[in-house]
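Here is a short set of exercises to work through with the model open beside you. Try each task before you read its solution.

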Amino acid sequence: MKALKTISILFTAALIATGLSSCEKVDYPDRYHSTGGVPVIHSIRYADSDTYIEQAFMEEVICILGENLRSIHDIWFNDQQAILNTSYITDNTLIVQIPKTMPVEETDKIYFNTVEKQTVEYSFRVLPPAPRVQSMSFEYAEDGQEVIIYGNYFYQKSDSPIKIEFPNATAGPVADDDITLTSVKVKVPEGAQKGKIKVTTASGTSASEFMFRDDRGLLFDFDGTNGLYTANKGWHAVPVVENEGIGGSSCMKMDGSGESFTADGGDWHDGSCHFEYWAGNWQDPETYGTWDGRRLCDIVDFSNYGSMVLKFEVKIPEENPWTGCPMQIIFSDVTLVSNGNAGVKDIYGNTLAGCNNTYFNDAAISLPRYLWRPWADGMVHTGGEWMTVSVPISNFTMYWDGSTATGKLSKESFANLEFFFAGGGTSEGSPCSPVVYVDNIRAVPAK
């Protein structure tokens with residue numbers, strides 16, 4: 001039996017070898033063959049319609065019409081090579097997807113390289129997608145002030161300049177040097193109002209994901225005009241200073257200029273560098289009835305907090321840079337800390353925790369928060385100018401020491417708010433004595 005099995009295996013192997021040898025000699029009539037010579041391009045249309053075109057967006061599929069198209073070995077749109085599939089190439093048609101990568105140099109041409117290394121050029125403009133308008137350097141900029149708008153697919157051509165529209169006003173022409181693919185520098189036009197900013201390129205028009213001069217969800221403006229004023233709803237009184245805020249208003253000043261913070265935040269200081277807002281007014285039962293003292297979640301609806309962003313403006317003087325030590329930004333509910341006596345009930349049936357300094361670094365609670373370290377990304381000051389900070393609430397995931405928090409947030413977690421320098425479990429950066437001005441703390445939808 002063993003001998004028969006061996007013979008069978010050898011016979012099968014011989015048959016396979018014979019079959020492979022035979023296959024190599026068969027010339028299938030449908031097999032793709034390249035041809036010599038050069039292609040002739042007549043026109044280009046969309047692959048799924050008879051609409052003839054002279055331009056198209058990146059990633060669109062087009063059909064090239066001509067003669068001797070099997071002579072094409074590779075295709076380049078500007079300086080980006082397309083992927084060819086010979087299943088979609090005949091002598092007279094070639095279907096291809098335009099590359100999705102922006103060219104380094106735009107020539108507005110397609111280059112057809114042949115098997116024989118000859119090149120045929122054809123004029124065709126590739127357009128990026130419509131612009132994406134994602135953020136702004138300073139959302140509360142005044143008329144005439146220069147700002148940077150960030151996003152993607154910003155560009156202009158001589159016959160199609162970029163257009164930037166603020167609500168009620170259109171910005172002036174933008175110089176080529178002020179535009180990159182992901183940013184555009186522009187002056188806020190006179191008469192600009194609150195609302196969405198629109199950017200138009202040859203590819204289309206898009207509205208910003210943010211609101212210019214957005215006053216929705218305003219929690220603290222430190223003027224008491226639209227938001228809370230408070231400088232002391234806890235154990236520490238952070239100074240509220242006049243005339244230093246946006247537009248000459250009041251703002252909070254987190255002043256560490258008299259103290260030195262270690263890079264790892266291990267020797268954190270209270271006093272003037274710890275902003276606390278603990279809801280409550282020392283009532284029994286607690287009603288949160290006065291202006292300063294309300295739960296923040298009674299001012300702003302945090303039901304969809306996962307799709308919200310915490311925003312605020314900061315100003316850091318060059319002479320007082322922030323070069324190390326994270327800033328902890330913490331939301332919490334009244335059952336963890338409150339402005340009043342522990343054990344008191346509120347009108348919603350919650351038992352208040354009262355004033356304490358243990359909940360934020362209690363490993364058993366492991367309260368999620370955001371650890372802000374702009375110096376780790378190279379920003380140690382703002383040159384004394386205001387800039388907007390945007391932190392998705394979905395990024396509130398860290399614990400006191402820089403590890404991932406195990407606790408969870410809920411819509412009730414947004415009663416209180418704290419900003420202070422400490423912890424983070426990192427030795428990056430260097431010791432410093434920063435001064436950080438903060439204004440217009442708000443919670444708004446991400447889009």
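**Exercise 1.** Which way do His274, Phe275, Glu276 and Tyr277 point from strand 21, and are they buried or exposed?

*Solution.* Some ground rules come before the steps. This is a predicted model, in which local features need pLDDT of at least 70 and side-chain atom pairs count only at pLDDT 80 or more, while totals for chains, interfaces and linings use all residues. Residues are numbered from 1 along each chain as its sequence is written, and side-chain values use heavy atoms, with hydrogens and water left out.

- Step 1: sort the side chains by direction. His274 and Glu276 point one way from strand 21, and Phe275 and Tyr277 point the other way.
- Step 2: check burial. All of these residues are buried (buried is under 20% relative accessible area, exposed over 50%, partly exposed in between, with a 1.4 Å probe and protein chains only).
- A note on the numbering: helices (H or I, at least four residues) and strands (E, at least two) are DSSP runs, numbered from the N terminus.

**Exercise 2.** Find the sheet that holds strand 21 and give its strand order.

*Solution.*

- Step 1: list the strands. The open sheet has four strands in the order 21-26-23-24, with antiparallel pairing (two strands pair if DSSP finds at least two bridges between them).
- Step 2: look at the edges. Strand 21 (274–277) and strand 24 (370–372) each have a single partner strand, so one side of each is left without a neighbour in the sheet.
- Step 3: add the twist. Neighbouring strands of this sheet are turned by 15 degrees against each other on average, direction ignored (axes are lines fitted to C-alpha atoms, for helices over the stretch in contact, and angles run from 0 to 180 degrees between N-to-C directions).
- Step 4: read the register. Strand 21 is joined to strand 26 (residues 416–421) by four bridges. Histidine 274 stands opposite phenylalanine 420, and glutamate 276 has glutamate 418 as its bridge partner.

**Exercise 3.** Describe the two faces of strand 11 and the strands that pair with it.

*Solution.*

- Step 1: separate the faces. In strand 11 (residues 146–152), Val147, Ile149 and Gly151 point to one face and are buried, whereas Glu146, Ile148, Tyr150 and Asn152 point to the other and are not.
- Step 2: take one partner. Strand 10 (residues 132–136) pairs with strand 11 in the antiparallel sense over four bridges, and serine 135 has tyrosine 150 as its bridge partner.
- Step 3: take another. Strand 15 (residues 183–187) is also antiparallel to strand 11, over five bridges, with valine 186 as the bridge partner of valine 147.

**Exercise 4.** Locate a cis peptide bond and two residues with positive phi.

*Solution.*

- Step 1: go to the loop between strand 21 and helix 2 (296–299), where proline 285 has its place. The bond joining aspartate 284 and proline 285 is cis, with omega about 0 degrees.
- Step 2: move to the loop between strand 17 (204–207) and strand 18 (218–220), which holds arginine 213. Its phi is near 55 degrees.
- Step 3: turn to strand 27 (residues 435–445), where asparagine 440 is found. Phi of asparagine 440 is near 50 degrees, and this residue is buried, with a relative accessible area of 8%.

**Exercise 5.** Characterise the largest pocket and the second largest pocket.

*Solution.*

- Step 1: start with volume. The largest pocket holds about 320 Å³ of space. On a 1 Å grid over the protein atoms alone, a cavity is a set of points where a 1.4 Å probe fits but cannot get out, and a pocket is an open set with protein on both sides within 12 Å along at least five of seven lines; lining residues have an atom within 4 Å of a point. Grid points are joined across faces, edges and corners, and a volume is the space filled by probe spheres set on the points.
- Step 2: find the centre. Of the 17 lining residues, Ser135, Val389, Ser390, Val391 and Pro392 are the closest to it.
- Step 3: name the main contributor. Strand 25 gives the most to this lining, with six residues.
- Step 4: compare with the second largest pocket, of about 210 Å³. Its lining includes Arg213 and Asn440.
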